[in-house]
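Trainee: Please take me through one part of this model closely, and then show how the rest of what can be said about the chain fits around that part.

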Amino acid sequence: MAKPIVAIVGRPNVGKSTLFNRLIGERKSIVEDTPGVTRDRIYGETEWNGRPIVLIDTGGLEPDNGDQILQQMRIQAEIAISTADVIVFLVDVQSGLTAADRDIAVQLKKSRKPVIPCVNKCDGVGSTPMAFYEFYELGFSIDPVAVSSVSGTGTGDLLDTVVENLPEPTEDEEDPDTVRVAVIGKPNAGKSSLINRLCGENRVIVSDIAGTTRDSIDTPVENDFGRFTFIDTAGIRRQSKVTDRIEKYSVLRAHMAVERANVCLIMIDATTGITEQDERIAGIAHDSGKASIIVVNKWDALDKDNSTVSEFKNKIRIALSYMPYAPILFVSAKTGQRCMDLYTKIQYVHAQANTRIPTGMLNDVLTDATMRVQPPSDKGRRLKIYYMTQTAVAQPTFVIFCNSAKLFHFSYLRYIENCIRETFGFEGTPLKFEIRERGDEKPSDGAKG
């Protein structure tokens with residue numbers, strides 16, 4: 001099920017980043033009184049009345065005055081508007097209705113998206129300020145909502161209005177037996193070439209010019225290995241190098257492709273080696289809890305000796321130390337070397353991500369693990385682990401009940417994870433752990449491995 005997107009737009013310094021941080025429950029956007037601090041779109045997630053929402057915080061919209069940075073901010077905001085399902089148009093009650101607000105309103109009406117006028121800085125206690133009613137002049141079909149992004153007043157009413165105007169949730173129409181595979185990586189790593197090789201025909205445009213693929217392209221494949229849908233995504237560049245309007249949109253599409261996928265193929269260019277940008281791209285799949293395979297492409301272009309494979313693997317394991325579970329496959333999309341092996345590996349890691357372990361077997365492993373290595377203690381109080389159960393698949397999630405979440409040190413949790421992997425495998429998929437104290441209904445702590 002695709003998550004709806006809500007964009008927060010408005011002129012500079014009306015409190016967009018403060019509202020964004022308030023809605024997602026963390027300080028992710030930089031907040032300053034200086035206009036123009038938020039120069040890029042920032043993404044976050046929240047949930048209201050059971051509906052998950054992707055929020056986009058944008059730079060301020062201003063009339064085009066020739067300033068290059070302001071032009072880029074305007075482009076970013078326009079992209080967010082074109083991407084969003086619902087737009088929150090933030091204005092400032094203290095400044096009143098300005099000419100810039102009216103100009104932005106005209107632009108938003110052209111989008112034909114649901115627009116919620118949100119009047120910020122209504123901080124006073126009691127009745128709504130009279131200046132609030134001035135914003136009805138903007139002429140939107142949805143009534144303005146008064147909020148204070150600093151105190152949080154009115155944000156519940158805002159989210160109620162957002163949810164009321166979201167499109168109806170639609171279940172994924174894909175065949176449940178079809179494995180959705182997102183192919184992600186830097187530009188020109190060979191993503192489209194690999195998909196063409198796996199399909200046996202030229203389904204996707206291939207060019208040596210980085211950035212040829214501008215959008216996510218779904219390619220269904222059915223063969224002896226099963227049914228697959230390959231999602232070819234635009235290459236993800238360093239944010240500082242993302243300057244073209246279409247390419248900025250492509251980055252969001254790549255994030256959304258990972259969200260839709262069951263398995264991610266993380267493409268690395270063997271000729272350039274593992275880079276800092278590769279680490280960031282792999283982190284998208286890891287943080288999303290997706291089963292992943294690291295695919296080193298252009299392996300045919302390297303001069304190799306007996307140690308080349310092991311040395312390259314070591315570099316990857318060091319750079320991507322947060323995902324030691326991901327298998328590594330060396331291929332050549334150009335020659336077809338080991339490409340067909342990917343089908344078997346995709347099916348395998350997909351099955352691993354959907355493995356469910358009976359509670360009795362889990363607790364046998366847990367008992368053995370605690371007998372071999374005693375749980376940690378602090379100031380005479382020792383961690384007691386009562387039992388463990390698996391609560392979800394894809395991403396496999398485990399809840400561990402204990403006497404004190406504070407005593408459950410990260411290193412001991414990693415040890416428990418390693419014991420589970422040694423016994424049950426879970427190759428290719430990150431594991432998620434929730435630590436609960438006896439009697440807790442909600443997790444006191446959690447970790448993803």
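Mentor: A residue counts as exposed when its relative accessible area is over 50%, as buried when it is under 20%, and as partly exposed in between. The model is predicted. With those cut-offs, take helix α3 as a short example: Ala99 and Lys110 are exposed on one side, while Asp101, Ile104, Ala105 and Leu108 are buried. The buried residues of α3 line one face, because their directions fall within an arc of 105 degrees when seen down the axis. The general reason for such a pattern is that an α-helix has 3.6 residues a turn, so residues three or four places apart point the same way. The length of α3 also agrees with expectation, since its 12 residues, 99-110, should span 16 Å and the end C-alpha atoms are 17 Å apart. After α3 comes arginine 112, with a positive phi near 60 degrees.

The part to look at closely is helix α10, residues 359-372. Its 14 residues reach 20 Å from the first C-alpha to the last, close to the 20 Å expected at 1.5 Å a residue. Leu362, Asn363, Val365, Leu366 and Ala369 are its buried residues. Down the axis of α10 these fall within an arc of 155 degrees, so here too the buried residues line one face of the helix. The face turned away from that side carries Asp364, Met371 and Arg372, which are exposed.

The buried residues of α10 are covered by elements that include strands β15 (385-392) and β16 (397-402) and helix α11 (410-424). Consider α11 first. The two helices pack with their axes 10 Å apart and at an angle of about 125 degrees, which makes α10 oblique to α11. The crossing is right-handed. On the α10 side, the contact is made by Met361, Leu362, Val365, Leu366, Ala369, Thr370 and Arg372. On the α11 side, Tyr412, Tyr415, Ile416, Cys419, Ile420, Thr423 and Phe424 take part. The contact list therefore includes Leu362, Val365, Leu366 and Ala369, which are buried in α10, and also Arg372, which is exposed on the face turned away from the buried side.

Now the two strands. The loop between β15 and β16 holds alanine 394 and glutamine 395. A cis peptide bond joins these two residues, with omega about 15 degrees. Alanine 394 also has a positive phi, near 45 degrees, and it is exposed because its relative accessibility is 51%. Both features deserve a second look in a prediction: most residues other than glycine have a negative phi, and most peptide bonds are trans.

A further positive phi, about 55 degrees, belongs to lysine 379, which is not a glycine. Lysine 379 is in the loop between β13 (377-378) and β14 (381-382). With a relative accessible area of 83%, lysine 379 is exposed.

For another helix pair, set α10 and α11 beside α1 (16-24) and α4 (155-164), whose axes are 11 Å apart at an angle of about 80 degrees. That angle makes α1 roughly perpendicular to α4. Leu19, Arg22 and Leu23 of α1 meet Thr155, Leu158 and Leu159 of α4.

Methods. Residues numbered from 1 in each chain as written. Predicted model: local features only at pLDDT ≥ 70, side-chain atom pairs only at ≥ 80, totals over all residues. Heavy atoms only, no water. Helix = DSSP H or I, 4+ residues; strand = E, 2+ residues; numbered from the N terminus. Expected span 1.5 Å × (residues − 1). Buried < 20%, exposed > 50% of the residue type's maximum accessible area, 1.4 Å probe, protein only. Arc of directions from axis to C-beta. Contact = heavy atoms within 4.5 Å. Axes fitted to C-alpha atoms, helices over the stretch in contact; angles between N-to-C directions. Parallel < 35°, antiparallel > 145°, perpendicular 65-115°, else oblique. Left-handed = near helix turned anticlockwise from the far one by under 90°.
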